[in-house]
Amino acid sequence: MADSNETLTVRLWRGDATEGDYHTFTVPRRENQTVLDVVTEIQRRHAPDLAYRFACRVGVCGSCAMMVNDTPRWTCRTHVSKVAGDGTLTVGPLRNMPVIRDLVADMTEFFDKWQKAGGRFQGSRTRAEPMAEVDTTSKARRHADASIECINCGVCYAACDVVGWDKDYLGPAALTRAWTLLNDTRHADQRGTLDRAMDQGGCGSCHTQGNCMRACPVGISPTGAIAGIKRMSLLDFLGMRGR
Ligand code: SF4
Ligand code: SF4
Ligand code: FES
């Protein structure tokens with residue numbers, strides 16, 4: 001049997017949307033090794049046709065997310081020493097999304113829901129007008145800033161149980177984006193964004209248990225954002241929004 005201090009036993013999902021299985025590989029342990037390093041080593045030395053995604057390798061692009069021992073993670077910033085204490089790793093494509101091939105999940109639905117939630121900023125001024133000023137010390141701006149660093153990795157989406165059984169649910173990332181826009185005083189379509197976030201498949205479906213918040217690698221709280229939208233909607237209903 002391989003020594004878990006010197007080697008890792010890695011089970012990797014190989015397959016497509018219709019069928020597949022976990023294949024087992026043995027990889028040497030290395031100092032400061034990340035899960036993405038392990039996947040790359042397997043692709044280079046054992047499985048040249050392995051499909052997986054990455055780009056920046058430094059936690060910026062959001063493309064390298066996978067299931068690691070049943071937990072969604074950004075693999076380029078996940079050290080093996082943190083997740084494979086017993087010398088074993090199981091790596092698969094992100095949950096709650098169809099599989100394209102091997103470790104590559106199809107994120108079409110994830111981004112479609114962003115669009116459905118109205119995730120696009122709509123300015124209220126023309127080029128001829130002076131630039132809008134933003135009060136950087138306001139409470140609204142602090143809320144917007146807290147969520148603006150989302151890297152669209154899909155980790156929260158894979159962590160969310162409600163997404164798993166309600167395909168209409170917009171999910172944590174799209175609703176967090178809506179919260180950012182609702183706190184951006186320059187965003188013109190406040191009414192449309194709030195209505196979409198509270199419509200069928202929106203904030204009302206969230207169970208507020210915080211799986212998304214615990215999983216987010218950059219420390220964003222979709223749970224808090226969704227609670228904020230619900231609070232804003234109530235104040236709006238009572239005619240007290242903005243007070
Ligand atoms: S708190 Fe809401 S968005 Fe987050 S995982 Fe739970 S149901 Fe999903
Ligand atoms: S909220 Fe966090 S986990 Fe979700 S997509 Fe953005 S960065 Fe990733
Ligand atoms: S490769 Fe860009 S975030 Fe991991």
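# Notebook: rings, ligands and loops

**Entry 1: a cluster of rings.** I started with the aromatic side chains, and found Phe 110, Phe 111 and Tyr 157 linked into a cluster by ring pairs. A reminder to myself: this is a predicted model. I then looked up how many aromatic pairs the structure holds, and the count is four. One of them joins Phe 110 and Phe 111 edge-to-face, with 5.0 Å from centre to centre and 80° between the planes.

Are these two neighbours buried or exposed? Phe 110 has a relative accessible area of 2%, and because buried means under 20%, Phe 110 counts as buried. Phe 111 comes out as partly exposed, at 36% relative accessibility.

Next I followed Phe 110 to its other partner in the cluster, Tyr 157. Phe 110 and Tyr 157 also pair edge-to-face, at 5.3 Å centre to centre and with 85° between the planes. I checked where the two sit: Phe 110 is in helix α3 (residues 108-116) and Tyr 157 in helix α5 (residues 155-159), so their pair ties together parts that lie 47 residues apart in sequence. Both Phe 110 and Tyr 157 are buried.

**Entry 2: charges over rings.** I also looked for charged ends sitting over rings, and noted two cases. Arg 11 has its charged end over the ring of Tyr 22, 4.7 Å from the ring centre. Arg 57 does the like with Phe 54, where I read 5.2 Å from the charged end to the ring centre.

**Entry 3: ligand 1.** Which residues are closest to ligand 1? I listed Cys 160, Tyr 169, Cys 206, His 207 and Cys 212, out of 13 residues that surround the ligand. Two helices, α9 (211-215) and α10 (222-237), each give at least two residues to this shell. Sorted by class, the shell around ligand 1 has seven nonpolar residues, six polar ones and no charged ones.

**Entry 4: ligand 2.** Where does ligand 2 sit? I found it in the largest cavity. Its surroundings include Cys 150, Cys 153, Cys 156 and Cys 216, and also Ile 151, Val 155, Ala 173, Pro 217 and Val 218. Asn 152 and Gly 154 are in the list too. By class I wrote down nine nonpolar, two polar and no charged residues for the shell around ligand 2.

**Entry 5: two loops with a positive phi.** I wanted to look at backbone angles next. Most residues other than glycine have a negative phi. Asn 69 has a positive one, near 50°. I placed Asn 69 in the loop between β3 (65-68) and β4 (71-74), and its relative accessibility of 30% makes it partly exposed.

Asp 102 also has a positive phi, near 50°. Asp 102 belongs to the loop between β6 (99-101) and β7 (104-105). What is its relative accessible area? I read 2%, so Asp 102 is buried.

**Entry 6: the whole chain.** Finally I stepped back. I counted ten helices and seven strands. The C-alpha atoms fill a box of roughly 70 × 35 × 30 Å along the principal axes. Of the 243 residues, 46% count as buried.

For a feel of distance, I picked Asp 145 in helix α4 (residues 139-147). Asp 145 is partly exposed, at 37% relative accessible area. From Asp 145 to Leu 8 I noted 40 Å in space, C-alpha to C-alpha, and 137 residues in sequence.

Technical notes
Residues are numbered from 1 along each chain as its sequence is written. Chains are lettered from A and ligands numbered from 1 in the order in which they are written. Side-chain values use heavy atoms; hydrogens and water are left out. A residue is near a molecule or strand if one of its heavy atoms lies within 4 Å of it. Helices (H or I, at least four residues) and strands (E, at least two) are DSSP runs, numbered from the N terminus. Ala, Val, Leu, Ile, Met, Phe, Trp, Tyr, Cys and Pro count as nonpolar, Asp, Glu, Lys and Arg as charged, and the others, Gly among them, as polar. Rings of Phe, Tyr and Trp (its six-membered ring) pair if their centres lie within 6.5 Å; planes under 30 degrees apart count as stacked, over 60 as edge-to-face and the rest as tilted. Buried means under 20% relative accessible area, exposed over 50%, partly exposed in between (1.4 Å probe, protein chains only). A charge sits over a ring if NZ of Lys or CZ of Arg is within 6 Å of the ring centre and within 35 degrees of the ring normal. On a 1 Å grid over the protein atoms alone, a cavity is a set of points where a 1.4 Å probe fits but cannot get out, and a pocket is an open set with protein on both sides within 12 Å along at least five of seven lines; lining residues have an atom within 4 Å of a point. A molecule sits in a cavity or pocket if more than half of its atoms lie within 2 Å of its grid points.
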